[in-house]
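Here are my notes on this model, set out as numbered points. Please read them with the structure open beside you.

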Amino acid sequence: MKIGWIDYLNTMPFDFELTGVKPDINYTLIRGVPSQINSLFSQKKVDIGFISSAHYMENFNQYLIFPELSISSYNKVKSVIILSDSPLKEIDTIYLTGESKTSRYLTKVIFEKFFGKVPDYRELNGNLEEKKAVLLIGDSAIKYADAKKYRYDLSQIWAEKTGLPFVFALWCVHRNYYERHISETVKLWKALKDSKEIFFKEIDRFLTDSRKIEYLKNLDYCLTQEHIESLKLFGSYLKELGILKEEPQFHFVEVKDELGQI
Ligand SMILES: C=C(O[C@@H]1C=C(C(=O)O)C=C[C@H]1O)C(=O)O
């Protein structure tokens with residue numbers, strides 16, 4: 001089994017090698033930033049991947065979601081931010097990180113649906129200092145959080161406008177891989193879920209940096225009905241903006257029968 005792993009601090013709770021959970025499967029981890037994992041996943045170079053929620057939405061007929069797991073946030077996420085020299089409403093040009101898919105689309109929803117303006121979107125390459133406004137995610141967002149006068153947290157804006165959590169990433173499997181490897185897939189799902197529980201129960205064993213602990217504790221790793229509502233709303237905005245061809249449906253891996261005890 002080839003597993004696509006997002007190489008950010010925020011995937012640490014799922015790290016079953018760290019927490020000592022043994023999934024009893026043969027696997028290799030392929031690490032990268034979200035955009036790399038998304039494309040390895042759609043090329044079937046990985047069988048199971050932690051991918052951008054928007055990438056699931058673009059390919060929902062081919063993928064299945066692992067239940068109960070995500071990276072989400074109920075208010076501030078802290079690592080999906082717009083850094084700017086001017087207030088948000090005055091931004092005309094914004095440079096978007098190439099590491100993301102969901103947050104790039106969320107930026108468009110925020111500007112175009114919530115604030116009714118279409119800035120010039122450009123690709124972020126090189127130096128932040130020369131750019132008046134940038135979208136950063138993941139570890140570089142944490143690193144450069146204070147780099148500019150204004151900082152806007154995209155998940156906080158979403159929460160203020162919708163009252164919902166925002167779902168950034170989902171664990172997904174290719175439907176046809178799942179059909180041929182049901183038991184291994186469910187074993188991985190269980191290992192990720194157990195790892196997350198052990199990690200937060202015993203967080204001091206795995207991390208000493210209090211800022212990192214605080215960052216991870218503030219994130220939300222669940223996938224409830226409310227999260228699905230939020231994904232649906234995001235999907236309908238993306239459809240309205242012409243980013244998605246159709247409104248996505250949400251299909252899940254069936255985990256109940258496989259491990260009997262769940
Ligand atoms: C919360 C985050 O969510 C990330 C954002 C993603 C995206 O924008 O496509 C994908 C995966 C997540 O790791 C983050 O990494 O800061």
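1. Domain bounds, as used in these notes, come from an automatic or database domain assignment. For this protein, that assignment gives domain 1 as residues 2-72 + 167-240 and domain 2 as residues 80-162. Please keep in mind throughout that the model is predicted.

2. On how the two domains meet: their centres, taken over C-alpha atoms, are separated by 24 Å, and 18 residues of domain 1 are in contact with 14 residues of domain 2. On the domain 1 side of this contact, α2 (34-42), α3 (53-58), β11 and α11 (225-240) each supply at least two residues, and the element that gives the most is α11, with five residues. Sorted by class, this side of domain 1 has 12 nonpolar and six polar residues, and no charged residues.

3. On the ligand: which domains give residues to the shell around the ligand? Both domain 1 (2-72 + 167-240) and domain 2 (80-162) do, so the ligand lies between them. There are 18 residues around the ligand, of which Ser52, Ser79, Ser100, Ser103 and Phe168 come nearest. Among the elements, α4 (102-114), α5 (138-143) and β11 each supply at least two residues of the shell, whose composition by class is 10 nonpolar, seven polar and one charged.

4. On strand β11, which has already appeared both in the shell around the ligand and on the side of domain 1 that touches domain 2: this strand spans residues 166-174 and is mostly covered, with nine of its nine residues buried. Strand β3 (residues 48-52) runs antiparallel to β11 and is joined to it by five bridges; within this pairing, Gly49 stands opposite Cys172. Strand β4 (residues 63-65) is also antiparallel to β11, with three bridges between them, and here the partner of Ile65 is Cys172. Strand β5 (residues 71-73) pairs with β11 in the antiparallel sense over three bridges, and Ser73 stands opposite Phe166.

5. On the nonpolar core: the largest one has 63 residues, and those with the most contacts inside it are Ile51, Ile94, Leu170, Cys172 and Leu192. Strand β11 gives the most to this core, with eight residues. Because domain 1 (2-72 + 167-240) and domain 2 (80-162) both give residues to the core, it lies between them.

6. On Cys172, a bridge partner in β11 of both Gly49 and Ile65: leaving out residues up to four places away in sequence, Cys172 touches Gly49, Ile51, Tyr56, Tyr63, Leu64, Ile65 and Phe66. Of these contacts, Ile51 is, like Cys172, listed among the residues with the most contacts inside the largest nonpolar core.

7. On Pro119, which is found in the loop between α4 and β8 (120-123): is this residue buried or partly exposed? Pro119 has 17 other C-beta atoms within 10 Å, and since a buried residue needs 20 or more and an exposed one has 12 or fewer, Pro119 is partly exposed. Its C-alpha atom is separated by 6.9 Å from that of Ile91, although the two residues are 28 residues apart along the chain. Setting aside neighbours within four places in sequence, Pro119 is in contact with Ile91, Asp92, Thr93, Ile94 and Phe111; one of these, Ile94, is among the residues with the most contacts inside the largest nonpolar core.

How values were computed: Residues numbered from 1 in each chain as written. Predicted model: local features only at pLDDT ≥ 70, side-chain atom pairs only at ≥ 80, totals over all residues. Helix = DSSP H or I, 4+ residues; strand = E, 2+ residues; numbered from the N terminus. Pairing = 2+ DSSP bridges. Near = placed C-beta within 6 Å. Nonpolar A, V, L, I, M, F, W, Y, C, P; charged D, E, K, R; others polar. Core = buried A, V, L, I, M, F, W, Y, C linked by C-beta atoms within 7 Å. Contact = placed C-beta atoms within 7 Å.
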